[in-house]
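Subject: Structure handover

Hi,

Here is the structure I promised to pass on. Could you look it over alongside my notes below?

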Amino acid sequence: MNLIKQFLIVTIVSLVTLKFSDIAFGYFQSQTVSSGLAKGTGRAIVMRELNPNQSASIRPNNNYMKDVENLDQINYEIKIDENGFILNGNDIEKNPDIKILFLGGSTTETLYVPEKSRFPSVVERTLRSNLKETVNVLNGGVSGNNSMHSLFIFLAKGIPLQPQYVVLMHNINDFALLSKTESYWIGPKSRAVIVETNGGNFKTIEDSSRNIFFNLIKNAKNFLAPNLYTYLRPRLFADATFYRDEFEGYSKNYSDLNIDLMKEQFRSSITSFVKLSKAWNIKPILMTQGNRIDPDFEYFLKWAERHQRGKMTPEEFSTLYSAMNEITREVASKENITLIDLDALIPKSNKFIYDTIHLNETGSILMGEIVSAALLDLIKTNK
């Protein structure tokens with residue numbers, strides 16, 4: 001027994017000594033010039049994607065339903081393929097003649113729409129029935145993504161799939177970030193472009209602002225019961241708000257906003273997407289965003305008052321949002337590429353849009369028909 005006790009003591013002392021030595025070595029090494037440079041271990045570019053090979057049934061909770069019009073509160077099925085793209089519920093063609101990739105935020109993702117009514121699914125079936133070629137459509141929409149996130153997704157996993165066409169639709173998420181920070185590289189953790197890594201865990205500067213007790217409890221939860229927490233939280237607190245403003249500390253009043261800089265950031269981002277697509281011989285298509293953002297609509301006035309909290313008037317919000325759709329039109333014209341102007345083509349009605357920007361089933365089907373018609377014309381022209 002004494003031998004075992006001595007062995008444990010020696011082992012523990014050795015491990016503690018090794019750890020302290022390593023910490024000391026790291027400190028003193030940082031104060032001197034090293035003969036070698038560490039690479040690729042401290043920071044990473046965020047690729048905000050849906051985790052591959054998963055499926056879920058999601059349902060808007062009661063609190064969500066209080067803020068919408070004309071949305072069915074039912075279960076919506078979603079399945080993700082091995083590349084992190086949303087499956088369309090249609091048969092998948094092997095080695096298709098045509099691949100089309102859609103990139104965007106929640107308005108492309110269309111989670112609260114039945115699987116086969118999501119507009120990429122409608123587009124896939126429509127093109128297959130009207131073309132002799134085989135067609136696969138990929139839905140790369142992710143809630144919260146802005147055009148910079150889509151640019152990274154396209155570069156990292158879109159280009160290797162060699163699509164013939166790539167379609168980008170962004171506005172509101174770029175608007176949300178740029179109207180607070182005027183930069184894609186400044187923002188909260190949820191919108192980060194670059195993060196620090198620590199043993200596989202991501203963190204940003206925002207983390208340091210949290211108090212020590214909060215981080216202790218969070219880390220204990222993540223270590224002891226991450227799976228139970230993930231399972232139980234939405235079931236026990238389905239209608240709890242747990243609201244925390246992700247842009248806390250970043251918000252700007254309209255009068256303090258550098259509007260020209262904000263517009264230039266957005267213009268540069270989507271122009272980068274177009275240039276990158278052309279460099280890889282993939283035809284880019286830009287889409288404006290259908291919406292009900294109009295100060296003449298009572299619903300939008302209530303939405304703006306609730307969510308903008310005095311930072312912008314409804315008129316200011318609407319004018320700036322419209323300006324960003326206009327930038328999309330300008331870039332498409334300048335780069336001589338196809339534009340699908342959903343802002344003009346989708347009626348600004350709760351028959352199609354259940355809040356300010358998100359399509360319900362009827363709206364998604366209509367969008368699928370509009371996009372299909374434009375793509376059919378483009379594909380036939382390119383033959």
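Two residues are said to meet, or to be in contact, when they have heavy atoms within 4.5 Å of each other. With that in hand, here is what turned up. Please keep in mind that this is a predicted model.

First, the overall picture. The protein chain has 13 helices and 10 strands. Of its 383 residues, 43% are buried. Among contacts with a separation of 6 or more, 77% join residues that sit 24 or more positions apart.

Now to helix α9, which covers residues 259-279 and packs with α6 at an angle of about 140°, their axes being 10 Å apart. Angles over 145 degrees would count as roughly antiparallel and those from 65 to 115 as roughly perpendicular, so α6 and α9 are oblique to each other. Their crossing is right-handed. On the α6 side, the residues that take part are D174, F175, L178 and S179, and they meet M262, Q265 and F266 of α9. Sorted by class, this contact holds four nonpolar residues, two polar ones and one charged one.

Helix α5 (residues 147-158) also packs with α9, here at an angle of about 15° and with the axes 9 Å apart. Since angles under 35 degrees count as roughly parallel, α5 is roughly parallel to α9. The crossing of this pair is left-handed. S147, M148, L151, F154 and L155 come from α5, and their partners in α9 are F266, S269, I270, S272, F273, L276 and S277. There are eight nonpolar and four polar residues in this contact, and no charged ones. You may like to look at F266 in your viewer: this α9 residue is listed in the contact with α6 and again in the contact with α5.

Close to the same theme is S183, in the loop between α6 (172-181) and β7 (194-198). Is S183 buried or exposed? Its relative accessibility is 11%, and because buried means under 20%, S183 counts as buried. A polar atom of the S183 side chain lies 3.0 Å from the backbone nitrogen of W185. Beyond its neighbours within four places in sequence, S183 is in contact with L177, L178 and Q265. Of these, L178 and Q265 also appear in the contact of α6 with α9.

The other helix pair is α4 (residues 119-130) with α13 (residues 361-381), packed at an angle of about 40° with axes 8 Å apart. That makes α4 oblique to α13. The crossing here is right-handed. From α4 come F119, V122, V123, T126, L127 and N130; on α13 they meet S364, I365, M367, G368, E369, V371, S372, L375, L376 and I379. The classes come to 10 nonpolar residues, five polar and one charged.

I370 is also in helix α13. With a relative accessible area of 18%, I370 is buried. Which residues does I370 contact, leaving aside its neighbours within four places in sequence? They are I340, L342, L345 and I346. For I340, the C-alpha to C-alpha distance to I370 is 8.2 Å, across 30 residues of sequence.

Happy to talk any of this through whenever suits you.

Best wishes

How values were computed: Residues numbered from 1 in each chain as written. Predicted model: local features only at pLDDT ≥ 70, side-chain atom pairs only at ≥ 80, totals over all residues. Heavy atoms only, no water. Axes fitted to C-alpha atoms, helices over the stretch in contact; angles between N-to-C directions. Helix = DSSP H or I, 4+ residues; strand = E, 2+ residues; numbered from the N terminus. Left-handed = near helix turned anticlockwise from the far one by under 90°. Nonpolar A, V, L, I, M, F, W, Y, C, P; charged D, E, K, R; others polar. Buried < 20%, exposed > 50% of the residue type's maximum accessible area, 1.4 Å probe, protein only. Polar contact = N/O pair within 3.5 Å; in protein donor to acceptor, adjacent residues only side chain to side chain.
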